[in-house]
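Q: Please take a close look at the interior of this protein, with its pockets, cavities and buried side chains. A connected account that I can follow residue by residue would be welcome.

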Amino acid sequence: MSRVSEILSHYSSEPTGVRINLARILNHGKLAGTGKIVVQAVDQGFEHGPARSFLDNCDSLDPEYHFEMAKKSGLSAYAAPIGWMSGAVDKYVDSVPTILKMNSSNSLYNKENQPSQAMTATVQDALRLGCVAVGFTLYPGSDENLMLIEEAKDLIDEARSVGLPTILWSYARGGSLSKEGETALDVITYGAHMACLLGAHVVKVKVPSAHIEMKEHKTIYDNVKKDTVKDRIKHVVDCCFKGKRMVIFSGGEPKDDQSLLSEIKEIHEGGGFGSIIGRNVFKREKNNAIKILNEITKIYGGE
């Protein structure tokens, strides 16, 4: 059995269309057939605005720039909100599978409010634009999370009914969580597991630290290997149905080449299914960005 067939066997209860679209991502680009994926995500304009997101590299203000990057780098897929997607998708319909990001927040939102997200697109938009999947953000820990869970469940059901898989960005924040707790190992695994329980086909989380946030977990985690990034990645994968749900990891804050590639190696060795990368790509000059993406795909490809 091929690695892709093995992964898809864990989704045997899903409609054929969902499995076909997962296969389209797994069988596209330089990592086709490996069971690993690298997705370029450009949803930071909503979250942080154009100044913080794109003015380091003004060429990245053009929607075509990101499609071209994903195409030239042989990536598995490209994820973006409806405006970015609509701006250039017609020119790249045969170049890269696309994922429509369905909800977003923004930095102008009152910081005293609990973290939340607004729906910015529909499943019909995803179908109209020829997308192979939809993406949605949860905020485990936020007082708004129960509402987001209900929205996510409705979205997963609607998308599934038309053959589209759902990727859940599960980013813990808000409530009583400390800033350090947002990337704590126990909190990251809780959020990832929650996304799997909701029916997510792919889960996206941040790379966890060794910090344990919840006092109820501290004794339990004395018996969990967590000293290295590789150990922590393996634990997150285990908490996603013992690796039977695909879990991929955020590129996070901008890093230098060595730090980024070192982290990618740990994700790969820990059994992570891949990465979704945004700022660590489009903030770099184009040729350097393509170069670093080539290095990343080589690592995930086992080179």
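A: The account below begins with the pockets and moves on to the cavity, the core and some individual residues.

The model is predicted, and local features need pLDDT of at least 70, side-chain atom pairs count only at pLDDT 80 or more, and totals for chains, interfaces and linings use all residues. Residues are numbered from 1 along each chain as its sequence is written, and side-chain values use heavy atoms, with hydrogens and water left out.

The search for spaces uses a 1 Å grid over the protein atoms alone. A pocket is an open set of grid points with protein on both sides within 12 Å along at least five of seven lines, whereas a cavity is a set of points where a 1.4 Å probe fits but cannot get out. Lining residues have an atom within 4 Å of a point. Points are joined across faces, edges and corners, and a volume is the space filled by probe spheres set on them.

The largest pocket holds about 1,100 Å³ of space. Its lining has 41 residues, and those nearest its centre are H48, Y171, R173, K206 and R279. Two elements, α3 (44-54) and β10 (274-277), give two or more residues to this lining. The largest share, four residues, comes from α3. Helices (H or I, at least four residues) and strands (E, at least two) are DSSP runs, numbered from the N terminus. By class, the lining of the largest pocket comprises 18 polar, 14 charged and nine nonpolar residues. In this classification Ala, Val, Leu, Ile, Met, Phe, Trp, Tyr, Cys and Pro count as nonpolar, Asp, Glu, Lys and Arg as charged, and the others, Gly among them, as polar.

The second largest pocket has a volume of about 220 Å³. Among the residues that line this second pocket are P140, G141, Y190, M194 and E213. Its lining divides into seven nonpolar, four polar and one charged.

Two of these lining residues, P140 and M194, also touch N145, which is in contact with L138, Y139, P140 and M194 when its neighbours within four places in sequence are left aside. Contact here means heavy atoms within 4.5 Å. N145 is found in helix α7 and counts as buried at 6% relative accessibility. Buried means under 20% relative accessible area, exposed over 50%, and partly exposed in between (1.4 Å probe, protein chains only). E158 is also found in helix α7 (residues 145-161), but E158 counts as partly exposed, at 41%.

The enclosed space is of another kind. One cavity of 30 Å³ or more is found in the whole structure, and the largest cavity has a volume of about 50 Å³. Its lining consists of L22, I25, L26, I37, I167, V202 and M246. Helix α2 (residues 16-26) gives the most to it, with three residues. The cavity lining has seven nonpolar residues, no polar and no charged.

The largest nonpolar core has 93 residues, of which Y78, M85, L168, V247 and I296 touch the most other members. Helix α12 (residues 286-300) gives the most to this core, with seven residues. A nonpolar core is a set of buried Ala, Val, Leu, Ile, Met, Phe, Trp, Tyr and Cys residues joined through side-chain atoms within 4.5 Å. In soluble globular proteins, nonpolar side chains tend to be buried together. M85 shows the contacts of one such core member: leaving out residues up to four places away in sequence, M85 touches F67, Y78, A79, A80, T98, I99, L100, L129 and C131.

The cysteines form no disulfides anywhere in the structure; the term denotes a pair of cysteine sulfur atoms within 2.5 Å. C196 is buried, with a relative accessible area of 3%. The closest cysteine sulfur to that of C196 is in C240, and the pair is not bonded because 3.7 Å is too far. C239 is in no disulfide either, and the nearest cysteine sulfur, again that of C240, is 7.1 Å away. C239 counts as partly exposed, at 21% relative accessibility.

Two backbone features lie in the loop between α9 (229-239) and β9 (246-250), where F241 is found along with K242. Most residues other than glycine have a negative phi. F241, however, has a positive phi of about 60°, and K242 has a positive phi of about 55°. F241 is partly exposed at 31%, whereas K242 is exposed at 61%.
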